[in-house]
Amino acid sequence: MAVLRDSMNSGEMEIPPIRVENLWKSFGKQTVLKGLTFEVHRGETFVVIGGSGQGKSVLLKHVMRLMKADRGEIYVQGQPIMSLEQKGLYALRRTMGMVFQESALFDSMSVLDNVAFALRMHTSLSEKEILGEAREKLSMVGLKNVEKKFPSEISGGMKKRVGIARAIALAPEILLYDEPTTGLDPVLSSAIDELILKMQSDLSVTSIVITHDMKSAMRIADRVLFLFQGEIRFLGTPQDLVRSNDPVLSQFVKGETQGPIGTL
């Protein structure tokens, strides 16, 4: 059963939008997730950090129910999702928007058509309404005069923005970001961070962000979860993270080669 928390707005108990409960996942003899339990609060930006191969993307795929856990459960808006059939999965994913690491835009479609795609597939809006919605979403992410361009004709930073515009096209309650600043220079990374915070503010969405970019994590996170060897090594605010004396967390955050984590 999902754990409830006090609602600051209504004074009533509120179901967290996402709760992960005793989640286990193995691939062959390798156990990637080892009994993870945590919840994401409504409206927060929840950042998951950790090294390569520590299970960050695997966790995100479970939240989307692209994978099934070996054991444990994930609750989305109080609903257990591990046993959902196709119809239930369809409804679940309508409430979520996904921003992929490489943007994953359709190369054969214009920027406008990329954003309009989900609206055409999943709504009964007229074409005029669809294009209006798509233009509005592009405006929200700060893009103008690029509607007719194709992904190959725009910069990496613009592709990230188009990916976010596409993710919010269906007005999701939850946004999932997989390494949103990967491959971007520091200025563009900061711009994407600001955009993530803008989406949280403007749309009141709950966000999970997977990243290894510590500067980004510290800028955008309400809370940070650190995965290490398949387990939750740390969970707290950025301020708690800075104050932590954990040598493993400290080495990761500082990017040092000497310490308990070791190097290849």
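This is a short tour of a sheet, a cavity and a pocket in one structure. The model is predicted.

**Stop 1: the sheet**

Select the six strands S8, S9, S10, S5, S11 and S12, and colour them by strand. They form an open sheet, and the order is S8-S9-S10-S5-S11-S12. The pairing is mixed.

Now look at the edges. Which strands stand there? They are S8 and strand S12, residues 231-236. Each has a single partner strand, so one side of each is left without a neighbour in the sheet. Turn the view to follow the twist. It averages 15° from one strand to the next.

**Stop 2: a pair of strands**

Select residues 45-49, which are strand S5, and residues 206-210, which are strand S10. How do these two run? They run parallel, and four bridges join them. To pick out one bridge, select Thr45; its partner in S10 is Ser207.

**Stop 3: a helix on the sheet**

Add helix H5, residues 156-167. H5 packs on the sheet. Which strands does H5 touch? Look for S8 and strand S9, residues 174-178. Compare directions too: that of H5 makes about 170° with that of S8.

**Stop 4: the cavity**

Next, look for empty space. Rolling a probe the size of a water molecule over the atoms shows where such space is left. How many cavities of 30 Å³ or more are there? The count comes to one. The largest cavity has a volume of about 30 Å³.

Select Phe38, Phe46, Val48, Leu59, Leu60, Val63, Ile208 and Ile210 to show its lining. S5, helix H1 (56-63) and S10 each give two or more residues to this lining. Which element gives the most? That is H1, with three residues. Colour the lining by residue class: eight are nonpolar, with no polar and no charged residues.

**Stop 5: the pocket**

Finish at the largest pocket. Its volume is about 570 Å³. How many residues line the largest pocket? There are 21. Start with Arg93, Met96, Ala118, His122 and Leu170, which lie nearest the centre of the pocket.

Then show the elements around it. Helix H2 (86-94), strand S8 (96-99), helix H3 (111-122) and helix H5 each supply at least two residues of the lining. You have already selected S8, an edge strand of the sheet, and H5, the helix that packs on the sheet.

Last, colour this lining by class as well. It divides into 15 nonpolar, three polar and three charged residues.

Conventions: Residues numbered from 1 in each chain as written. Predicted model: local features only at pLDDT ≥ 70, side-chain atom pairs only at ≥ 80, totals over all residues. Heavy atoms only, no water. 1 Å grid on protein atoms, 1.4 Å probe; cavity = no way out; pocket = protein on both sides within 12 Å on 5 of 7 lines; lining within 4 Å. Points joined across faces, edges and corners; volume = space filled by probe spheres on them. Nonpolar A, V, L, I, M, F, W, Y, C, P; charged D, E, K, R; others polar. Pairing = 2+ DSSP bridges. Axes fitted to C-alpha atoms, helices over the stretch in contact; angles between N-to-C directions. Contact = heavy atoms within 4.5 Å.
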